[in-house]
Amino acid sequence: MQTNETPEYAIETKDLSIFYGAFKAVSDVNMLLEKQKITAIIGPSGCGKSTLLRAFNRMNDFVPNSHVTGEILMRGQNLYGSNIDPVEVRRSIGMVFQKPNPFPKSIYENIAWGARINGFKGNMDELVEQSLRGSALWEEVKDVLQKSAYELSGGQQQRLCIARTIAIQPSIILMDEPASALDPISTLRIEELMQELKKNYTIIIVTHNMQQAARVSDYTAMMMLDKEGSRSGTVIEFSETKRIFTNPKDKRTEDYVTGRFG
Amino acid sequence: MKNTIMENKNFRPLDLKKKMRPGESVIQSLLFISGVLSIFITVAIVYELGKEALLFFNNPDVTLTKFFATTQWQPGIGLFGIWPLVTATLTTSAIAIFVSLPLGLAAALFLSEYATPKARSTLKPILEVLAGIPTVVYGYFALLFMTPLLQSIFGESVQVYNMASAGIVMGIMILPLIASMSEDALSAVPRSLREGAYAMGATKFETSIQVVLPASLSGVGAALIIGISRAIGETMIVAIASGSGPNFTFNPFKAAETMTGHIARISGGDLSYNSIDYTSLFAVALMLFLVTLVLNLISQVVVERFREKYE
Ligand SMILES: Nc1ncnc2c1ncn2[C@@H]1O[C@H](COP(=O)(O)OP(=O)(O)OP(=O)(O)O)[C@@H](O)[C@H]1O
Ligand SMILES: [Mg+2]
């Protein structure tokens, strides 16, 4: 077993459980996530995929009464340690949401704002252009950078949200069903983009789309409610995507990925 | 149990013909009438104002040049310069907004972004009770508390009646209104915007000031406009605390009479219909109306310029 010191791992969870009040939504997750790989989290609705994803950048902190037990380790530091600043955690672990949520500012400002609050001092025009090129949006918006981000299509808005995330150069990018509100062509663009991004970023993506998980990810975590009536979700199987889809160990995984769920 | 919904019994016979819906048309006409009525009443007020003011301007002694280009207002002895009343209104209102906008916005930001749900649900009703205090109480609060306070800080230069204490207390009066309306506007900003900002590594303060506030600016602007209108139109506080006698000055520590204070004082005395004092009040009222209108338009333009639309 590797430890968190091993450089090829971006992040590790140890006995991670996540609670909303007294309700344990996710229980006992142990995962080692490799650097510069795409890890997909799949599983039926309500099993805690978003909850787990949002634990990585401490977004659940905003839910009153939520708390975690166990650890999430990043380069040896527990993200939930008492000396950790959640703002700094979010600066190094970016997030793209299910519904595109650009700021009601110009396209340019959407990217510049995040960079500015993160203390970026370099050439802003250059950063905006590079981020937009990185998210494959530049050609479509280069002449309308001062227009409101709300004048873009949903797929363009989502790519803008990816652009603003990579502009602050996090080491990990979390994506919660980033393409579920998009048409197949925009979806394909986002998927191609992820392949491009993974050269330099570690990506964790939640998806309901089995083909998408199979197409884009290197590793897959299968989540499921544990049967014992507790209504808590957990990761029942975590391995290479190829293996999850062709030769899963757990019968429930096999049923789920082949569509014979329930 | 059998699920009858799934059996789809079609309990309504198929009938696609046009129906009479008397309730609908009654409501529709009532709404229409109320709309027309409110417009009509506004027009009638402006008409009445304009008609009486015209009597004033038709007086051979009154000229527009005197009205707008001189700075003394004593219609009884032929001094027709409106400015002393206008400057007093502008000074007291500016002080009121200067006090209430930052404090009101800060309170609103605290309530919507920082306070726990429990703190919010106790603090907001208290704020709204403040808005129910009669203005005469505020007036004497200005005269008997704020003025001595200002005098103890700034010394002799503060007159017994002065614009500063009236303006500050007016600001306190408007504060709950601005805070409450702004809080509504801030709370209406979708959570997804805040999450987007936090996920970029923004602090709570950066998120509140740079993302939530700009997105709520149309609501905050509405609060500002109502606040300005309340300040310009407020009568009791300025009548009690700001001084009775037109005085052309911007010095907040001096006594000066506002347009509303002037109307209240003059109309409280014996006035013969058609006297110059009587018709002059309508000219002042018309001016008051114009000042309110212009300031509202300006704030609308300003807000529209800085607002960030999220729909
Ligand atoms: N803010 C919250 N407060 C309380 N309970 C919550 C909250 N968010 C989610 N839950 C509960 O936690 C469990 C897991 O929810 P979560 O949103 O993580 O599921 P999910 O796997 O992402 O589902 P989906 O595929 O439908 O998005 C559910 O039972 C849900 O009701
Ligand atoms: Mg989810």
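**From a buried strand to the ligand shell**

A:Asn78 has a relative accessibility of 19%, and because buried means under 20%, A:Asn78 counts as buried. This value, like the others here, is computed from a predicted model. A:Asn78 sits in strand β5 of chain A, which covers residues 77–78. The side chain of A:Asn78 reaches back along the sequence to the backbone nitrogen of A:Ile72, at 3.3 Å. A:Ile72 also appears among the contacts of A:Asn78, which, once neighbours within four places in sequence are set aside, are A:Gly70, A:Glu71, A:Ile72, A:Leu73 and A:Ile84.

A second buried strand residue is A:Gly233, whose relative accessibility is 0%. A:Gly233 belongs to strand β10 of chain A, residues 233–240. If residues up to four places away in sequence are not counted, A:Gly233 touches A:Ala25, A:Val26 and A:Ser27, then A:Cys47, and also A:Met223, A:Met224 and A:Leu225. A:Lys199 lies elsewhere: 34 residues separate it from A:Gly233 along the chain, and 31 Å separate the two C-alpha atoms.

A:Cys47, one of the residues that A:Gly233 touches, leads on to the ligand. A:Cys47 is itself buried, because its relative accessibility is 1% and the limit for buried is 20%. A backbone N or O atom of A:Cys47 lies 3.3 Å from an oxygen atom of ligand 1. Two side chains also approach the ligand with N or O atoms. For A:Lys49, the distance from such an atom to an oxygen atom of ligand 1 is 2.7 Å. For A:His208, the corresponding distance to an oxygen atom of ligand 1 is 2.6 Å.

How much of the accessible area of ligand 1 does the protein cover? On its own, ligand 1 has 630 Å² of accessible area, and the protein covers 64% of this. In chain A, the elements that give two or more residues to the shell around ligand 1 are β2 (23–34) and α1 (49–56). Helix α1(A) supplies the largest share, 3 residues. There are 13 residues around ligand 1, and those that come nearest are A:Ser45, A:Lys49, A:Ser50, A:Thr51 and A:His208. Sorted by class, the shell holds 6 polar, 5 nonpolar and 2 charged residues.

Cysteines raise a separate point. A disulfide is a covalent bond between the sulfur atoms of two cysteines. How many disulfides does a search of the whole structure find? Over all chains, the search finds 0. A:Cys161 is a further buried cysteine, with a relative accessible area of 2%.

The last stop is the backbone of two loop residues. Most residues other than glycine have a negative phi. A:Ala136 has instead a positive phi, near 60 degrees. A:Ala136 lies in the loop between α4 (124–134) and α5 (138–141) of chain A. A:Ala136 counts as partly exposed because its relative accessibility is 30%, between the limits of 20% and 50%. A:Gln169 also has a positive phi, about 50 degrees, although it is not a glycine. The loop that holds A:Gln169 runs between α6 (154–167) and β7 (172–176) of chain A. Is A:Gln169 buried or exposed? A:Gln169 is exposed, because its relative accessible area is 58% and exposed means over 50%.

Terms used:
Residues numbered from 1 in each chain as written. Chains lettered and ligands numbered in written order. Predicted model: local features only at pLDDT ≥ 70, side-chain atom pairs only at ≥ 80, totals over all residues. Heavy atoms only, no water. Disulfide = S-S within 2.5 Å. Buried < 20%, exposed > 50% of the residue type's maximum accessible area, 1.4 Å probe, protein only. Near = heavy atom within 4 Å. Polar contact = N/O pair within 3.5 Å; in protein donor to acceptor, adjacent residues only side chain to side chain. Areas by Shrake-Rupley, 256 points an atom, 1.4 Å probe, with all protein chains shown as cover. Helix = DSSP H or I, 4+ residues; strand = E, 2+ residues; numbered from the N terminus. Nonpolar A, V, L, I, M, F, W, Y, C, P; charged D, E, K, R; others polar. Contact = heavy atoms within 4.5 Å.
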